[in-house]
Amino acid sequence: MARKAVATLILLILGVVQLCATPKDSIPHHLSAELRPAYNAISHYALRGDYTDGDALESALSFHVRYAFSLPKSNPQSKRYPTTYQGLGLGVYTLYHNDFTGTPLVAYILQGARLADFTERLSLGYEWNIGASWGWQPNEAMNSKCNVFISLSLPLSWHIAKGWELYVAPHFTHLSNADTHFSNSGANLFGLRLGATYHFNEDATKVDIRRYISPSEELEGSSFADHLTYDIILYGGWRADRFTQDGHFYSTDKAFPLGGAHFQPQYHLNDHFALGASLDIQVDSSLNLYAITSEDKETATICRPTLWEQTEIGLSVRGEIKAPIFTIGASFGLNLNKRGYDMSRIYTQFSLKAFLTQRLFLYVGYRFNSHQYTHNMMYGLGIRL
């Protein structure tokens, strides 16, 4: 069933590409296919071979088909982002023990750009992928059928013939359920992307990377206030958590809702970078749970603390990388209301903003406590003032 679904999606992509690839088409777009062999940095005992006849799950392989487009030269933003592309990707994974992990499929959005041209044929770029993977077999290491998919890479591309490119890219890929289920050790893959790209209208992709607007050119003649924006974001999510009973910790797979808000004033250095701060408020009903045991020791009731003990209020510094449609950001913050065993003093947040209009955007975020422990995903809506 999974193979039929992937085959159908590939055929749909090819059909769209065929319709778009007309001689009069001025939108640069391309189709690529690639393999991703990778090493899995094992983070859970169950992946070391305890459940797979002693074979550690140290290797992974995936096949991907991707379609992407760039802004046409007639679009005013193409002068600011001449080499940026964005699109969709589909893939299928194996960790070589499919009876234990399943054969997951992935679907993701992607965006990248050229960073440097070494010669007329050789260039270096960057690319990020964010999406979801499903079709996992729940197991002791990752007890969920659907997981988050995040990948970062630096592709080195070689133009071999008219319309054709080969590329190789070191990549890091993270797959996990973001603490929506226990357990959540995830998979951290380090490997290579090996692929080929065909550009349907190569003349539209020939741009000089030096066309990027420099900060000095862009800031000339504009006031400080012209570069200030204020983002207001409301979001929700859910996560599983543990609770205390008689001095011991126990996990629960129950989904606890959470919600929050960000207020983010930012200064835009140029069309590509912004710096600022954020007021972060999150109410998480999974925090600081505890259980009371009955007198006969046969039953226990999970109890919640006060609302104040489940509310995190933080201040963070943040930076954003801007591109057409999408903006990615990272923030490092301090929790000013640390209470109980389940809160962290410091936190990190990674975010994606997908602009629907000039001011309205969708928001997806990933929060880590103490800069390393996954805490929760955030799904919301924002407005830029």
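A residue counts as buried when its relative accessible area is under 20%, and in this predicted model Asn288 meets that condition, because its relative accessible area is 6%. Asn288 sits in the loop between β13 (273-284) and β14 (289-293), and its side chain takes part in polar contacts with backbone atoms. One of these partners is the backbone oxygen of Glu309, which lies 2.8 Å from a polar atom of the Asn288 side chain, while the backbone oxygen of Arg339 is reached by the side chain of Asn288 at 2.9 Å. Glu309 and Arg339 also appear among the residues in contact with Asn288 once its neighbours within four places in sequence are left aside, and that list further holds Pro305, Gly340, Tyr341, Asp342 and Met343.

From this loop residue the reader can turn to a residue in a strand. Arg239 belongs to strand β11, which covers residues 228-245, and Arg239 is likewise buried, because its relative accessibility of 5% falls under the 20% limit. The side chain of Arg239 makes a polar contact with the side chain of Ser286 at 2.9 Å. Beyond residues up to four places away in sequence, Arg239 touches Ser286 together with Asp284 and Leu287, and its other contacts are Asp179, Thr180, Lys254, Ala255, Phe256, Leu258, His375 and Asn376.

The next feature to look for is the largest pocket, which holds about 950 Å³ of space. Its lining is made up of 43 residues, and those that lie nearest the centre of the pocket are Ile130, Val148, Ile150, Phe350 and Tyr366. Several strands each supply at least two residues of this lining, namely β6 (122-136), β7 (146-153), β9 (164-176), β17 (326-335), β18 (346-355), β19 (360-369) and β20 (373-384). When the lining residues of the largest pocket are sorted by class, 25 are nonpolar, 17 are polar and one is charged.

Finally, the cysteines deserve a look. A disulfide is a covalent bond between the sulfur atoms of two cysteines, and the structure holds zero disulfides. How exposed or buried are Cys146 and Cys303? Cys146 is partly exposed, because its relative accessible area of 44% lies between the 20% and 50% limits, whereas Cys303 counts as buried, because its relative accessibility is 17% and the limit for a buried residue is under 20%.

Terms used
Residues numbered from 1 in each chain as written. Predicted model: local features only at pLDDT ≥ 70, side-chain atom pairs only at ≥ 80, totals over all residues. Heavy atoms only, no water. Helix = DSSP H or I, 4+ residues; strand = E, 2+ residues; numbered from the N terminus. Buried < 20%, exposed > 50% of the residue type's maximum accessible area, 1.4 Å probe, protein only. Polar contact = N/O pair within 3.5 Å; in protein donor to acceptor, adjacent residues only side chain to side chain. Contact = heavy atoms within 4.5 Å. 1 Å grid on protein atoms, 1.4 Å probe; cavity = no way out; pocket = protein on both sides within 12 Å on 5 of 7 lines; lining within 4 Å. Points joined across faces, edges and corners; volume = space filled by probe spheres on them. Nonpolar A, V, L, I, M, F, W, Y, C, P; charged D, E, K, R; others polar. Disulfide = S-S within 2.5 Å.
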